[in-house]
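Visitor: I am new to reading protein structures, and I would like to be walked through one slowly. Could you show it to me before we begin?

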Amino acid sequence: MIYYAVLDTNVLISAMLKNNSVPGLVVAEALKGNIIPLVNDAIIAEYEDVFKRPKFRFDFKRVNIFLREFLKRVVYVDSGILEDEIID
């Protein structure tokens with residue numbers, strides 16, 4: 001079964017920090033095509049911004065390769081503006 005999901009930036013960061021973690025397994029499933037990440041321009045911009053933060057000390061070449069491969073497997077969605085009030 002294929003799942004569609006928005007993957008939080010923290011999931012991608014955690015996967016890069018420790019690929020044998022639960023987030024690492026989620027990202028691995030996305031790279032295999034079993035999870036289809038849903039993104040828009042704002043989500044991609046956040047991914048790129050957070051990966052560049054000095055505190056993570058990521059190798060930018062490795063990050064660029066990862067994001068390039070990851071973004072080959074995404075579906076772009078329009079987040080749009082909610083006009084209706086959502087009631088709990």
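The questions and answers below go through this predicted model.

Visitor: Where in the model is I13, and is it buried or exposed?

Guide: I13 belongs to helix α1, which covers residues 9-17. Its relative accessible area is 4%, and since a residue counts as buried when that value is under 20%, I13 is buried.

Visitor: Which residues is I13 in contact with, leaving aside its neighbours within four places in sequence?

Guide: Contact here means that heavy atoms lie within 4.5 Å. Once the neighbours within four places in sequence are set aside, the residues that I13 touches are V50, F51, F56 and F58.

Visitor: How far apart are the C-alpha atoms of I13 and Y47?

Guide: Along the chain, I13 and Y47 are 34 residues apart. In space, the separation between their C-alpha atoms is 8.5 Å.

Visitor: How many aromatic pairs does the structure hold, and what kind is the pair of Y47 and F70?

Guide: The structure has five aromatic pairs. In the pair of Y47 and F70, the ring centres are 5.9 Å apart and the planes meet at 75°, and because planes over 60 degrees apart count in this way, the pair is edge-to-face.

Visitor: Which helices does the pair of Y47 and F70 tie together?

Guide: The two residues are 23 residues apart in sequence, so their pairing joins separate parts of the chain. Both are buried, with a relative accessible area of 1% for Y47 and 0% for F70. Y47 sits in residues 41-51 and F70 in residues 60-71, so the helices tied together are α3 and α4.

Visitor: What kind of pair do F51 and F58 make?

Guide: F51 is buried at a relative accessible area of 1%, and F58 is buried at 10%. Their ring centres are 5.5 Å apart with the planes at 50°, so the pair is tilted.

Visitor: Which residues form the one aromatic cluster?

Guide: Both pairs just described have their members in this cluster, including Y47 and F70 as well as F51 and F58. The full membership is Y47, F51, F56, F58, F66 and F70.

Visitor: Where do the buried residues of α4 fall, seen down its axis, and what do they pack against?

Guide: The buried residues in α4 are V63, F66, L67 and F70. Seen down the axis, they fall within an arc of 95°, so they line one face of the helix. These buried residues pack against α1, α2, β2 and α3.

Key: Residues numbered from 1 in each chain as written. Predicted model: local features only at pLDDT ≥ 70, side-chain atom pairs only at ≥ 80, totals over all residues. Heavy atoms only, no water. Helix = DSSP H or I, 4+ residues; strand = E, 2+ residues; numbered from the N terminus. Buried < 20%, exposed > 50% of the residue type's maximum accessible area, 1.4 Å probe, protein only. Phe/Tyr/Trp six-rings, centres within 6.5 Å; stacked < 30°, edge-to-face > 60°. Arc of directions from axis to C-beta.
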